[in-house]
Amino acid sequence: MGMDHIRTRAMGGRRLRGALLALTTAGAVLLTGCSASGDGSNSADGADKSGGRNLPLPAPAQTSGSDSAQGEQTGAPDREIAPSPDYLSTFALDVDTASYGYARRTLANGRIPDPSTIRPEEFVNSFRQDYARPDGNGFSVSVDGARTDDDRWSLVRVGLATRAAESDRERPPAALTFVIDVSGSMEEPGRLDLAKDSLDVMTDRLRDDDSVALVTFSDEAETVLPMTRLGDHRGRVHDAIDGLEPQDSTNLGAGVDTGYDTAVEGLREGATNRVVLISDALANTGDTDADSILERISTARREHGITLFGVGVGSEYGDALMERLADKGDGHTTYVSNEDDARTVFCEQLPQNIDLAARDAKAQVAFDPQTVEKFRLIGYDNRKVADQDFRDDRVDGGEVGPGHTVTALYAVRTRPGAWGHLATASVRWLDPDSRAPHEESGQLETGALHDGVWTSPRSFQVAAVAGYFADALRADDARWSSSLPGAVPLDELATRAAKLADSSQDTAVRGLATAVEQASRVNDCEGGCSG
């Protein structure tokens with residue numbers, strides 16, 4: 001899977017190529033975490049310092065939904081610059097990290113990931129940020145930026161954070177329906193076996209008032225364990241997990257159908273009701289269309305608020321199908337390739353991955369036309385929302401749990417001599433309990449921009465490295481024909497990432513540095529690399 005080479009545009013035209021044959025391991029993990037902490041996020045103070053100019057505001061409220069794309073950026077995703085007079089950028093929030101996890105797995109095996117699997121926002125959102133957090137449900141908003149070496153271009157970071165995750169004792173009870181792929185492909189070491197080990201660990205970690213159901217699918221789907229309150233029944237759950245064995249084909253559609261039926265039958269009022277799909281998403285029998293699958297379970301999603309989380313595993317992985325299912329199923333995806341990561345999410349991050357802090361969350365950034373000449377959003381290609389739908393609460397947004405941060409990077413070119421207000425970022429969400437809408441916003445002034453990307457606070461530099469790295473990995477895709485402002489060669493990017501890892505002692509940043517170095521090494525290979 002994936003390409004054997006990648007063009008690195010800012011790297012003197014060198015080609016990434018070569019592939020290794022290597023044994024691979026796969027991971028299964030429950031629900032992604034983009035959690036807090038890090039350093040140095042300077043946000044604007046929120047004051048309007050524009051001198052009374054006519055600034056762009058968030059789109060007005062709509063009385064009905066609309067399929068019109070009026071006001072959206074046009075042309076190829078991401079790469080087209082928003083034309084005048086459009087200075088709004090609107091997207092649904094996303095806390096997926098599967099694209100980054102799968103890219104790391106592929107690079108570790110000496111191969112370059114397919115550019116179609118690279119989603120920059122999932123690279124950026126894989127790293128901790130230190131944004132201020134709200135006291136209750138919803139979001140805080142932080143906006144900062146740094147100038148690049150390219151003429152009048154800056155990177156602007158919009159940071160959103162939910163409240164801190166409560167301790168496991170304080171969160172609402174959970175009703176989790178695990179839909180587990182037991183097809184023949186899951187027999188590969190590191191797939192079903194690691195999934196079973198992880199489920200065993202989580203069963204011991206969950207509280208007595210939590211509930212678990214197990215559904216398996218191969219040629220057909222089967223409810224192995226109906227919704228069962230843990231309490232004194234953990235042994236029953238462990239027995240059901242231990243009995244999982246790989247079988248034949250992958251009828252993913254049947255698995256999702258049966259999983260939602262089981263979740264509805266076991267629905268618990270006042271609990272967090274979720275379906276967790278664990279699969280390599282290589283559907284090869286039955287319904288394999290995400291939209292068709294999700295349409296059949298739409299009632300469970302809309303009326304009961306049951307969300308879908310995709311957990312990707314395997315050296316060969318159906319990224320597009322899993323991401324589509326999660327995006328349209330009011331959920332998100334993750335991909336983890338080792339036991340340590342699985343244990344982290346199943347245990348350490350369990351509260352933030354079970355609870356919800358916001359539903360249908362959308363962000364809208366209004367750039368000031370008097371200071372901004374051009375801009376483009378880096379990533380979120382599949383999450384774009386029509387500008388006029390920002391306040392239409394029937395338009396789907398993203399579901400975000402406590403303890404998460406969401407980051408969006410923009411490349412912004414200012415006008416010559418620009419000074420003053422640069423942008424206002426707003427986020428809108430529905431309260432997870434009352435469904436009442438709320439908004440919060442933050443602003444950025446040109447004077448608050450850091451002098452350089454590589455002299456900015458450490459957390460900003462990490463986000464920049466992740467964004468530049470993702471952009472380089474999808475260089476051979478014709479849709480991304482030009483590099484980001486301030487891009488550096490992969491070997492230099494690897495050096496910067498390594499310095500950040502040394503200064504932060506952050507294992508996640510160390511993993512990023514390793515991945516960039518692996519990509520740089522493949523770039524230098526003529527016919528293949530070792531190690």
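**Helix packing and a buried serine**

Helices H11 and H12 run roughly antiparallel to each other (an angle over 145 degrees), because their axes cross at roughly 150° and come within 10 Å. The crossing is left-handed, meaning that the near helix is turned anticlockwise from the far one by less than a right angle. This is a predicted model, in which local features need pLDDT of at least 70, side-chain atom pairs count only at pLDDT 80 or more, and totals for chains, interfaces and linings use all residues. Residues are numbered from 1 along each chain as its sequence is written, and side-chain values use heavy atoms, with hydrogens and water left out.

H11 spans residues 458–473 and H12 residues 490–504. On the H11 side, Arg458, Gln461, Val462, Val465, Tyr468, Phe469 and Ala472 make the contact (heavy atoms within 4.5 Å), and they meet Leu490, Leu493, Ala497, Leu500, Ser503 and Ser504 of H12.

Helix H4 (residues 234–242) is another case of packing. Its Arg234, Val237, His238, Ala240 and Ile241 are buried (under 20% relative accessible area, 1.4 Å probe, protein chains only). These residues cover an arc of only 160° around the axis, so they sit on the same side of H4. They pack against helix H3 (192–205) and two strands, S7 (211–217) and S8 (221–229).

Then there's Ser279, in strand S9 (residues 272–279). Ser279 is buried, its relative accessible area being 0%. Leaving aside residues up to four places away in sequence, Ser279 touches Asp181, Phe217, Leu252, Val311, Gly312, Val313, Tyr317 and Met322. Phe217 lies 62 residues from Ser279 in sequence, yet the C-alpha to C-alpha separation is 9.7 Å.

How values were computed: Axes are lines fitted to C-alpha atoms, for helices over the stretch in contact, and angles run from 0 to 180 degrees between N-to-C directions. Helices (H or I, at least four residues) and strands (E, at least two) are DSSP runs, numbered from the N terminus. Angles under 35 degrees count as roughly parallel, over 145 as roughly antiparallel, 65 to 115 as roughly perpendicular and the rest as oblique. Buried means under 20% relative accessible area, exposed over 50%, partly exposed in between (1.4 Å probe, protein chains only). The arc is that of the directions from the helix axis to the C-beta atoms.
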